[in-house]
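Notebook open, structure loaded. Today I want to look at the core and at one strand.

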Amino acid sequence: MLAGRAQGRVALGGVRGLLTVPLLLGLMMMMMTVVVRVNAAESEESQEILEETNSASTDIPETVSPELSRVSPQSSWLVFRRNSNKGENRRTKPSRRTSKHGLPGPPGPPGPQGPPGPPAPLLPQQEELIQELQLRLKEMAGGVCLLCDRAPRVATSFRSRLLQALSIPRRSLLELLPFSTPSDSEQSLQRGQSFNSSTGRYTAPVSGFYQLTASLLIESSDRAQVRLRDSVRAAICIESLCQGNLSLESVMGVVAGGGTFSILLTGTLYLQAGEYVSVFLDNATGSAITVLHDSLFSGILLGV
């Protein structure tokens with residue numbers, strides 16, 4: 001009876017063994033299928049990770065999902081490698097573009113210099129400094145500074161001589177004319193074209209103070225009798241009005257012996273722009289006199 005039970009158990013064990021083998025084979029096949037699928041999924045995921053690694057990305061590093069945390073070490077390494085090139089850990093790639101024109105050449109020479117700009121205006125502080133410097137220079141030079149007190153340029157002047165001898169009858173008043181053109185040596189004394197040599201008149205170009213001078217050489221003949229009132233008067237008159245306007249005058253008496261004498265008159269007159277001045281000679285003697293051609297008439301603008 002015991003032997004029968006032992007045989008029964010052996011037979012049952014053999015049947016169970018035979019049934020276990022197919023189950024094990026099925027389980028092995030299922031595990032191999034799962035491994036193949038996992039490897040295929042890992043290969044696809046690895047390919048995607050490699051493609052993302054080759055392209056530049058500025059995204060924030062991704063967090064590892066719970067599913068990827070259970071993959072193989074190879075998948076973990078690929079995930080680490082993909083996330084290590086993002087955010088602050090991103091590695092910039094050098095540009096692979098090549099220039100179509102080759103390497104740059106050496107720098108060229110500098111261009112021509114441009115025209116100078118307009119001078120800058122003086123600031124108020126600069127003007128004060130210049131004035132202070134001028135005062136210092138005056139003090140150092142004993143009150144005289146040639147650069148500070150520079151003489152103004154002469155705006156207008158003239159100097160001319162009587163062209164020919166002029167005879168003036170007794171008891172008469174005549175205007176002296178014509179005058180000669182300035183010689184080469186006298187051209188440096190001319191400023192402007194305000195003197196008319198044919199009329200002997202100088203017209204003021206601007207209103208101002210003028211220094212006027214007339215130097216006359218007069219020749220008189222012998223006379224038997226000389227009166228006390230016999231005289232010769234020279235005058236520089238404005239607008240030919242010697243009595244109505246202010247004028248420069250000089251009176252010279254004559255002697256019985258006659259001969260040559262000179263009359264010099266000089267002074268300052270204020271002329272309005274457009275007014276003219278000329279020289280007059282009043283012969284108050286009983287005989288004719290002659291004004292020689294060396295007689296001189298000159299003038300210069302002193303200031304306005």
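My entries on the core, a strand and a few residues follow.

This is a predicted model, where local features need pLDDT of at least 70, side-chain atom pairs count only at pLDDT 80 or more, and totals for chains, interfaces and linings use all residues. Residues are numbered from 1 along each chain as its sequence is written, and side-chain values use heavy atoms, with hydrogens and water left out.

**Core.** I looked up the largest nonpolar core (buried Ala, Val, Leu, Ile, Met, Phe, Trp, Tyr and Cys residues joined through side-chain atoms within 4.5 Å), and it has 32 residues. L176, I236, L281 and F297 have the most contacts inside it. Strands (DSSP E runs of at least two residues, numbered from the N terminus) that each supply at least two residues include β6 (208–220), β7 (231–238) and β10 (276–283).

**β7.** Is this strand buried or exposed? Eight of its eight residues are buried, so β7 is largely enclosed by the rest of the structure; buried means under 20% relative accessible area with a 1.4 Å probe, protein chains only. I found S231, R233, A235 and C237 on one side, with V232, A234, I236 and I238 on the other. β7 runs antiparallel to β8 (residues 248–253), with six bridges, and antiparallel to β10, with seven. R233 stands opposite V251 in β8 and D282 in β10.

**I218.** I placed this residue in β6, and I218 counts as buried because its relative accessibility is 0%. Beyond four places in sequence, its contacts (heavy atoms within 4.5 Å) include V232, F261 and L281.

Conventions:
Buried < 20%, exposed > 50% of the residue type's maximum accessible area, 1.4 Å probe, protein only. Helix = DSSP H or I, 4+ residues; strand = E, 2+ residues; numbered from the N terminus. Pairing = 2+ DSSP bridges.
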